[in-house]
Amino acid sequence: MESEPPDSDYYIQLYFLLISTPGLIVLSVILILLLICSALVSGSEVAYFSLGPNDIKDLKEEKTVKSSLLLKLKETPQELLATILIANNFINIAIVILTDYLIRNICGNGAFDRWASYLASNIGYFSINTFTNIISFGITILLVTFLLVLFGEVTPKIYANVNKMGFAKTMSSPLSILSKVLSPLSNLMVRSTNRIEERLTKRESSLADTKEELDKAIELTVSLEDSTEEEAD
């Protein structure tokens, strides 16, 4: 007895699986590269801002290309910090989007729909589509948080704290390029923070002047009325 040939749906699913697999591999490689970039940018924040006066003195005596770039970046610490933060946020957003896309394609909507239908039938309150989105979002957030905290924050910052000079020299060229590319955004951020700082400084100075005036008024009142120290307090 001859077996029946597979229907057309089988060939269509096989075709799309073969097409999508190379794309998923490429996207997975891109995700790994983004994690490496996130680690390098996060570590550079610790490396650059932990350099002491002796380290700066040694860099000035070296007179190499990397040391010159490093010293130039250190001349504008606010712009350097803004560049690092902006670049790191862009990379992290890309990691979140790419991870969500990979999870949806690797796991497939069928798995999420089955879990969502089970939750909807036993818990209720939400529809299957809502539960599907919640499950997908939750898995994405948990996975991205784990990846970013371990590989994008903790590990590179520990390494950069131990090898700050070497890490700073390695990132001197990439950060110099990023500072030029992101200069409009970094300058805008620096100007905004400077304005906020000026307003806070003026407010603190006005509060200090008011306190000083009150102290003088209390001292004058005490001296005129011969009040006790308890009343002055």
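Which residues of the largest nonpolar core touch the most other members? In this predicted model, local features need pLDDT of at least 70 and side-chain atom pairs count only at pLDDT 80 or more, while totals for chains, interfaces and linings use all residues. Residues are numbered from 1 along each chain as its sequence is written, and side-chain values use heavy atoms, with hydrogens and water left out.

The protein chain holds nine helices and zero strands, where helices (H or I, at least four residues) and strands (E, at least two) are DSSP runs numbered from the N terminus. Of its 233 residues, 26% are buried, meaning under 20% relative accessible area with a 1.4 Å probe and protein chains only.

The largest nonpolar core (buried Ala, Val, Leu, Ile, Met, Phe, Trp, Tyr and Cys residues joined through side-chain atoms within 4.5 Å) has 31 residues, of which Tyr-48, Leu-51, Leu-59, Ile-95 and Leu-175 touch the most other members. Helices H1 (8-49), H2 (53-62), H3 (65-74), H4 (77-122), H5 (128-162) and H6 (164-170) each supply at least two residues of this core, and the largest share, eight residues, comes from H4.

Leaving aside neighbours within four places in sequence, Leu-175 is in contact (heavy atoms within 4.5 Å) with Ser-44, Tyr-48, Leu-73, Leu-80 and Ile-84. Leu-175 also takes part in the meeting of H3 and H7, where Lys-66, Leu-69, Leu-70 and Leu-73 in H3 face residues of H7 that include Ser-172, Leu-175 and Ser-179. The residues of this contact divide into four nonpolar, four polar and one charged, with Ala, Val, Leu, Ile, Met, Phe, Trp, Tyr, Cys and Pro counted as nonpolar, Asp, Glu, Lys and Arg as charged, and the others, Gly among them, as polar.

Notes
Buried < 20%, exposed > 50% of the residue type's maximum accessible area, 1.4 Å probe, protein only.
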